[in-house]
Amino acid sequence: NMETFGTELKAELVINAGHQIFEGHFPGQPVVPGVCMMEMVKEMVEQVTGKKTNLVKVQEIKFLAVIDPSVNNLVSANIKYAAGGDGSINVVASFFKEELMHFRFKGLLAVAN
């Protein structure tokens, strides 16, 4: 479920606790990998812009609280994005559950050729 407001998007992300990625990350104690959180941000920006992108610069990335999908499989996302003059997309994103911040990112995506 994703809504856009100009250059901001808000989404409710449902994490599939039965996904095979959790068999290795980590057995018996599932945690959403940081690279998956970053991929979710990238894919949501691509969906609203209609453009494929590559991550080119990380200005800030913080993993503040683990997301255990067996305990918390619903996470909110807030992403602000703005086109740069050089074809890049400036992105500020966060994943959270109520007052608990899980993930914060600030950086640049470049439109893929």
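Q: What span is expected of helix α1, and what span does it reach?

A: The expected span of a helix is 1.5 Å times one less than its number of residues. In this predicted model, helix α1 covers residues 34-49, which makes 16 residues, and reaches 23 Å from its first C-alpha to its last, close to the 22 Å expected. After the helix comes G50, with a positive phi near 75°.

Q: Which residues of α1 are buried, and how should their spacing be read?

A: An α-helix has 3.6 residues a turn, so residues three or four places apart point the same way. In α1 the buried residues are M37, M38, V41, K42, M44, V45 and E46. The elements covering them include β1 (2-5), β2 (8-14), β3 (53-63), β4 (74-83), β5 (88-97) and β6 (100-111).

Q: In what order do the six strands form the sheet, and which are the edge strands?

A: The order is β1-β2-β4-β5-β6-β3, in an open sheet with antiparallel pairing. The edge strands, each pairing on one side only, are β1 and β3. On average, neighbouring strands of this sheet are turned by 20° against each other, direction ignored. As one case of the pairing, β2 and β4 run antiparallel and are joined by seven bridges, and E8 stands opposite K80 in β4.

Q: How does α1 lie relative to the strands?

A: Helix α1 lies across β1, β2, β3, β4, β5 and β6, and its direction is at about 125° to that of β5.

Q: Which residues have the most contacts inside the largest nonpolar core, and which element gives the most to it?

A: In soluble globular proteins, nonpolar side chains tend to be buried together. Here the largest nonpolar core has 23 residues, and V41, M44, I79, V91, F95 and F103 are those with the most contacts inside it. At least two residues of this core come from each of β2, α1, β4, β5 and β6, with α1 giving the most, namely five residues. Leaving aside residues up to four places away in sequence, M44 touches M2, L9, A11, L13, A77, I79 and F95.

Q: Why does E46 count as buried, and what does its side chain contact?

A: Residues count as buried when their relative accessible area is under 20%; E46, which lies in helix α1, counts as buried because its relative accessibility is 9%. Its side chain makes a polar contact with the side chain of K42, at 2.8 Å. Apart from residues up to four places away in sequence, E46 touches K51, K52 and T53.

Notes: Residues are numbered from 1 along each chain as its sequence is written. This is a predicted model: local features need pLDDT of at least 70, side-chain atom pairs count only at pLDDT 80 or more; totals for chains, interfaces and linings use all residues. Side-chain values use heavy atoms; hydrogens and water are left out. Helices (H or I, at least four residues) and strands (E, at least two) are DSSP runs, numbered from the N terminus. Buried means under 20% relative accessible area, exposed over 50%, partly exposed in between (1.4 Å probe, protein chains only). Contact means heavy atoms within 4.5 Å. Two strands pair if DSSP finds at least two bridges between them. Axes are lines fitted to C-alpha atoms, for helices over the stretch in contact, and angles run from 0 to 180 degrees between N-to-C directions. A nonpolar core is a set of buried Ala, Val, Leu, Ile, Met, Phe, Trp, Tyr and Cys residues joined through side-chain atoms within 4.5 Å. A polar contact is a pair of N or O atoms within 3.5 Å; within protein, one must be able to donate a hydrogen and the other to accept it, and residues adjacent in sequence count only if both atoms are side-chain atoms.
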